Amino acid sequence: MVATALLVAGCGGGGGGGMAMGGSSSGPTAPTMLEPGTVSEGRVVIDITELEFTPDELTIPAETQVIWTNSDDVEHGVAKTKGPGPDFDSGPVKAGATFSQVFDETGDYTISDQETQADQEPTMKIVVEEKEAAEPAPGGSPPPPPGQPVQPGAPPPPPG
């Protein structure tokens, strides 16, 4: 039963219309167990349910893949209506399906669900910031060049 639910959750759907920026997908994707709104390993999940994006505001580093999951019983859509770069539109995303988009350009984006048959279409805001430089490896800074004094707490120079 659980395997069936995971298989169904991983099935893709929806069209792939419009121009993409950084790449998009509405086909099958592996089921994700990420908490909505939490960036992990360059990915973040947004849940679409009860005519809402959860979360409806999000700040992410550039080059993050945003995966929208339709957890509702009706079709939804994901369309960029404001922000840098070319627009994108998922087309209809069926119940249980996903759509993803990689955000490479920094700036403020407005995303809306234009497939919803409601008085007001759900919207969300994504702020994309510069990707931070990689942290130094555990142990701190690299050792000083040979012949230079070692600072207290610094790693010893490599044998040589």
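**Notebook: loops, a cis bond and Q65**

I began with E50, which counts as exposed because its relative accessibility is 65%, above the 50% cut-off. I kept in mind that this is a predicted model.

Where does E50 sit? I found E50 in the loop between strand 2 and strand 3. I then looked up its backbone: phi of E50 is near 50 degrees, a positive value in a residue other than glycine.

Next I turned to E41. Its phi is near 50 degrees, and this residue is likewise not a glycine. I placed E41 in the loop between strand 1 (24–25) and strand 2 (43–49). Is E41 buried or exposed? With 81% relative accessibility, E41 counts as exposed.

Then I checked a peptide bond. The one from T54 to P55 is cis, and I noted its omega near -5 degrees. P55 belongs to the loop between strand 3 (52–54) and strand 4 (57–61).

My last stop was Q65, which I found in strand 5 (residues 64–70). Q65 counts as partly exposed because its relative accessibility is 24%, and that value falls between the cut-offs of 20% and 50%.

Which residues does Q65 touch, leaving aside those up to four places away in sequence? I listed G42, R43, V44, S100, Q101 and V102. For S100 I could add a detail: a polar contact of 3.2 Å joins its side chain to that of Q65. I also looked at F103, which is 38 residues from Q65 in sequence, yet their C-alpha atoms are 6.5 Å apart in space.

Note on methods:
Residues numbered from 1 in each chain as written. Predicted model: local features only at pLDDT ≥ 70, side-chain atom pairs only at ≥ 80, totals over all residues. Heavy atoms only, no water. Helix = DSSP H or I, 4+ residues; strand = E, 2+ residues; numbered from the N terminus. Buried < 20%, exposed > 50% of the residue type's maximum accessible area, 1.4 Å probe, protein only. Contact = heavy atoms within 4.5 Å. Polar contact = N/O pair within 3.5 Å; in protein donor to acceptor, adjacent residues only side chain to side chain.
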